[in-house]
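Me: I've got a model open and want to know what sits behind the labels people put on it. Could you take me through them?

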Amino acid sequence: MNNEPWYKNAVFYEISVRAFKDSNSDGRGDLRGLTEKLDYLQTLGVDCIWIMPIYPSPLNDDGYDIADYYNIDPAYGNLDDLKELISAAHARNIRLVMDLVLNHTSDAHPWFQAARSDKNSPYRDYYVWSDTDQKYKDARIIFVDTETSNWTWDEQAGQYFWHRFYSSQPDLNFDNPKVQEEMLNVARFWLDLGIDGFRADAVPYLFEREGTNCENLPETHVYLKKLRAFMDQHYPERILLCEANQYPEDVRPYFGDGDQFHMGFHFPIMPRIYMALKKGRFEDVAEIMRRTPPIPENCQWCTFLRNHDELTLEMVTEEERQWMWEQYAPDPRMKLNLGIRRRLAPLLDNDRRKLELANSLLFTLPGAPIIYYGDEIGMGDNLDLFDRNGVRTPMQWDDSPNAGFTDGTPFSELVKGRLGYQRINVASQVNDPDSLFRSVKRMIALRKKHEAFGSSSMEWVDAGNPHVAAYIRQHGADTMLILNNLSDAAQCIRIPQEHQGSYLDLFAAHQTTIANELTFPPYSYLWLQKHT
Ligand code: BGC
């Protein structure tokens, strides 16, 4: 896209390396396996992959509990395998970003081991300790299903330590300049290996201050700006993607003046897409878009339908949350923390029309879209598995035993039933022109061809019908009219005069005239490029 930064109109793809492809028959996916599958990602049209943590870890939080920031868990391979993956990806014009987990380490990390065993260790102050568990009472508990406090008593240390996630993930003390420095060194190490940036995990929680909810504190922004300045100085073109599960007005400061994060996930739009599909009305999406402040020109939102965590309902009202649970989590096993641990296809009843419509919204609303591995083929989930593991099952490559994921014994049960690999797999979809995979691939290709989709401009069109989301995306001379019928009934819409005229229907690849009135089939979508 002309002179625009590469990430503004890029299509991202999130991968659990452990679950993607096993190359050495040990039952766990690895870097070489992922390298083998780059052609597949290139076929789909992916520009950048984000791999979940691959660092040595006791895996109490699937690798978000890091025991060594400078290595790769041997189950995934070694540093040479990563270099090989990076160069094979770059050869295909695919970039790669990794998780940077700043907020906490594993309790197995040598820093924590030293800190807990010796009050005078220089590492003691790497963590947040207290003699009471009464400090920072206004900070919420995030993993409400497993944790009862953000403080855990440590027998060895004789003090409580602070943690925002599992009690096996002690928070680092960012008030300690050494911690700040350590994490810059970590960033440097991986950037020197050639990765294209980081998805920065859980950034709102870096600092603690009494009398606040310990989220989004000014000190946090000061540090993140330092990290950005460091990257700009030594690694231009590499990106920082912000994971801050917050309302858009609270994510906005993470972009700074274009001098903090390049990208930030737009969390609240995600549950509202599901609300819109269930209600058959677009008002919730429109409302959150209206509430989304402009961001600096060199920044971009990152939008998603699902990821490796539960479908989070933190950024909705209590009433909306209950409603979402009623609608989308009828079986209590589907609920997790303040969310729903299901994948895209089962959430949308494996209804092809809804799956395409959800993707149509994802690819045409502002922001760079990210696909969660397997959702492009409509993979299912496995509710028998603990916590979020139910949505992190092996990728379904074909209908051979273990889904073509491994020749060994898979680390996890696979998906069972109608969305299991026997029916839903890559091999059967790649060459089938009518498959979901091919629809998603077409959307990606069209999106990437048109600068309008990467721009920040969006204008709602009053089509006189609450069931049809109609909007204009525009960049320079490239103007798109997008129509999505969210309801299960045909809808009649009125197109205002200024938007009537001759358009190219991008999917049908033919010219069409949009006149005053238009009848639109249930769950259908149109991407129209204005004739100039
Ligand atoms: C990640 C989670 C992880 C948590 C703690 C997040 O927000 O997405 O998977 O459990 O950070 O690291």
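Reply: Here we go through the ligand site and then some strands.

Reply: Keep in mind that this is a predicted model, where local features need pLDDT of at least 70, side-chain atom pairs count only at pLDDT 80 or more, and totals for chains, interfaces and linings use all residues. Residues are numbered from 1 along each chain as its sequence is written, and side-chain values use heavy atoms, with hydrogens and water left out.

Me: What makes a residue part of the ligand's surroundings, and how many residues are there?

Reply: One of its heavy atoms has to lie within 4 Å of the ligand. That gives 13 residues, the closest being D61, H104, D201, E243 and D309.

Me: Why is the pair between E243 and the ligand called a polar contact?

Reply: A polar contact is a pair of N or O atoms within 3.5 Å (within protein, one must be able to donate a hydrogen and the other to accept it, and residues adjacent in sequence count only if both atoms are side-chain atoms). A polar side-chain atom of E243 lies 2.6 Å from a ligand oxygen, so the pair qualifies. For H104 the distance from a polar side-chain atom to a ligand oxygen is 2.9 Å, and an N or O atom in the side chain of H308 is also 2.9 Å from an oxygen of the ligand.

Me: How much of the ligand does the protein bury?

Reply: Taken alone, the ligand exposes 310 Å², and the protein buries 96% of that (Shrake-Rupley areas, 1.4 Å probe; for residues, only the protein chains shown count as cover).

Me: What are the classes of the residues in the shell around the ligand?

Reply: Seven are charged, three polar and three nonpolar. Asp, Glu, Lys and Arg count as charged, Ala, Val, Leu, Ile, Met, Phe, Trp, Tyr, Cys and Pro as nonpolar, and the others, Gly among them, as polar.

Me: How do you know that β11 and β13 pair?

Reply: Two strands pair if DSSP finds at least two bridges between them (strands are DSSP E runs of at least two residues, numbered from the N terminus). β11 and β13 (residues 339–340) have two bridges in the antiparallel sense, so they pass. T312 stands opposite G339 in β13.

Me: Why are β11 and β12 at the edges of their sheet?

Reply: The open antiparallel sheet has the order β11-β13-β12. β11 (311–312) and β12 (335–336) each have a single partner strand, so one side of each lacks a neighbour in the sheet.

Me: What joins β19 to β20?

Reply: Five bridges join β19 (residues 501–505) to β20 (residues 510–514), running antiparallel. L504 has Q511 as its bridge partner in β20. The two strands form a hairpin with four residues between them, and A509 in the turn has a positive phi of about 55°.
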